[in-house]
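Here are some short exercises to work through with the structure open beside you. Try each task before reading its solution.

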Amino acid sequence: MNELLRKFQELGIVPVVVLDNAKDAEPLAKALCEGGLPCAEVTFRTDAAEESIRIMAQKFPNMLVGAGTVLTIDQVDRAVAAGAKFIVSPGLNPKVVKYCVEKNIPITPGVQTPSEIEQALEFGLDVVKFFPAESAGGLKMIKALAGPYVNLKFIPTGGISTKNAPEYLAYDKILAVGGSWVASKDLINAGKFDEIAKITKESVAMVKAARA
Ligand code: 3PG
């Protein structure tokens with residue numbers, strides 16, 4: 001497992017963020033760092049994603065800033081040029097995964113099935129995103145999938161919050177959980193960065209308790 005994935009494991013949470021306006025990137029990164037989660041998966045769902053990654057990566061060099069919802073090779077290039085240290089995708093697009101693996105760019109593609117997992121293994125990956133986690137069978141499904149693939153770790157994302165995250169985090173095949181609850185789009189757009197820092201702190205405490 002590479003260094004970055006180890007860092008995900010240490011943090012326990014990958015905050016998924018949607019930024020409509022790049023001006024929010026700096027206060028958001030500050031809130032996440034102050035709250036104890038120096039990490040953000042900035043989703044390529046808005047025009048502000050690329051610039052937001054650039055701002056976060058420049059102003060917070062120790063933060064793990066990556067790109068999410070990456071669907072094309074062009075987006076990989078743009079994200080990495082902006083400073084993204086990792087790539088996340090909702091599904092497993094072989095072209096995108098191959099490109100990242102060849103370029104040594106950490107990628108965690110989304111999977112739901114044994115066939116998708118086996119594609120990920122073919123690419124040499126040992127960590128996948130399980131998406132959308134709650135809708136796709138949750139922890140029960142991950143436990144069933146983990147049976148045959150003994151060395152694989154999962155980052156469940158989709159429908160996770162402080163309520164159900166502890167049960168995921170208590171399972172040793174879960175590297176970390178991903179989710180937007182830490183820094184929701186509504187809180188970001190309302191400029192409620194103190195609230196985000198507070199939720200971040202609570203979430204960090206939740207990870208600690210879940211793994212104790
Ligand atoms: C998403 O699709 O936005 C991410 O997977 C996060 O999902 P969530 O909003 O349910 O945490």
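**Exercise 1.** In this predicted model, find how many bridges join strand 6 to strand 7, and state how the two strands run.

*Solution.* Start by locating strand 6 at residues 127-130 and strand 7 at residues 153-156. Four bridges join the two strands, and they run parallel. To check one pair by eye, take V128: its bridge partner in strand 7 is F154. Next, follow the chain from strand 6 into helix 7 (residues 138-146) and on to strand 7; together these make a right-handed β-α-β unit.

**Exercise 2.** Now turn to the pairing of strand 6 with strand 5, and work out which residue of strand 6 is the bridge partner of V111.

*Solution.* Strand 5 covers residues 107-111 and is joined to strand 6 by two bridges, with the strands running parallel. The partner of V111 is F130. Between these strands the chain passes through helix 6 (residues 114-122), and this β-α-β crossover is right-handed.

**Exercise 3.** Sort the residues of strand 6 by the way they point, and decide whether they are buried or exposed.

*Solution.* Recall first that side chains in a regular strand alternate between the two faces of the sheet. Strand 6 has V127 and K129 pointing one way, with V128 and F130 pointing the other way. All of these are buried.

**Exercise 4.** Explain why V128 counts as buried, and list what it touches beyond its neighbours in sequence.

*Solution.* Step one is to place V128, which belongs to strand 6. Step two is the count: V128 has 26 other C-beta atoms within 10 Å, and because the cut-off for buried is 20 or more, V128 is buried. Step three sets aside neighbours within four places in sequence; V128 is then in contact with T108, P109, V111, I117, A120, L152 and F154. Of these contacts, I117 is eleven residues from V128 in sequence, and their C-alpha atoms are 7.7 Å apart.

**Exercise 5.** Trace the chain from strand 1 to strand 3, and give the number of bridges and the direction for each strand pair.

*Solution.* Begin with strand 1 (residues 13-17), which two bridges join to strand 2, the strands running parallel. Here V17 has V42 as its bridge partner in strand 2. The chain goes from strand 1 through helix 2 to strand 2, in a right-handed β-α-β crossover. Move on to strand 3: five bridges join strand 2 to strand 3, and these strands also run parallel. V42 has A67 as its bridge partner in strand 3. From strand 2 the chain crosses through helix 3 to strand 3, and this β-α-β crossover is right-handed.

Finish with the setting of strand 2. Five of its five residues are buried, so strand 2 is largely enclosed by the rest of the structure. C39, E41 and T43 point one way, while A40 and V42 point the other way.

**Exercise 6.** Determine how many residues of helix 3 are buried, and what the buried ones pack against.

*Solution.* Helix 3 spans residues 49-59, and eight of its eleven residues are buried, leaving the helix mostly covered. The buried residues are A49, E50, S52, I53, R54, I55, M56 and A57. They pack against helix 2 (25-35), strand 2 (39-43), strand 3 (64-68) and helix 4 (73-82).

**Exercise 7.** Look at the backbone of T69 and N104, and compare how exposed each residue is.

*Solution.* T69 is in the loop between strand 3 and helix 4, and its phi is near 50°, a positive value in a residue other than glycine. With 19 other C-beta atoms within 10 Å, T69 is partly exposed. N104 lies in the loop between helix 5 (94-102) and strand 5; its phi is near 60°, again positive in a residue other than glycine. N104 has 7 other C-beta atoms within 10 Å and is therefore exposed.

**Exercise 8.** List the residues that surround the ligand, and divide them into nonpolar, polar and charged.

*Solution.* The surrounding residues are V16, F131, T157, G158, G159, I160, G179, S180 and W181. This shell divides into four nonpolar, five polar and no charged residues. While you are at F131, check its peptide bond to P132: the bond is cis, with omega about -15°. P132 is in the loop between strand 6 and helix 7.

Note on methods. Residues numbered from 1 in each chain as written. Predicted model: local features only at pLDDT ≥ 70, side-chain atom pairs only at ≥ 80, totals over all residues. Near = placed C-beta within 6 Å. Nonpolar A, V, L, I, M, F, W, Y, C, P; charged D, E, K, R; others polar. Buried ≥ 20, exposed ≤ 12 C-beta atoms within 10 Å, placed from the backbone. Pairing = 2+ DSSP bridges. Right-handed = clockwise from strand over helix to strand, strands pointing away. Contact = placed C-beta atoms within 7 Å.
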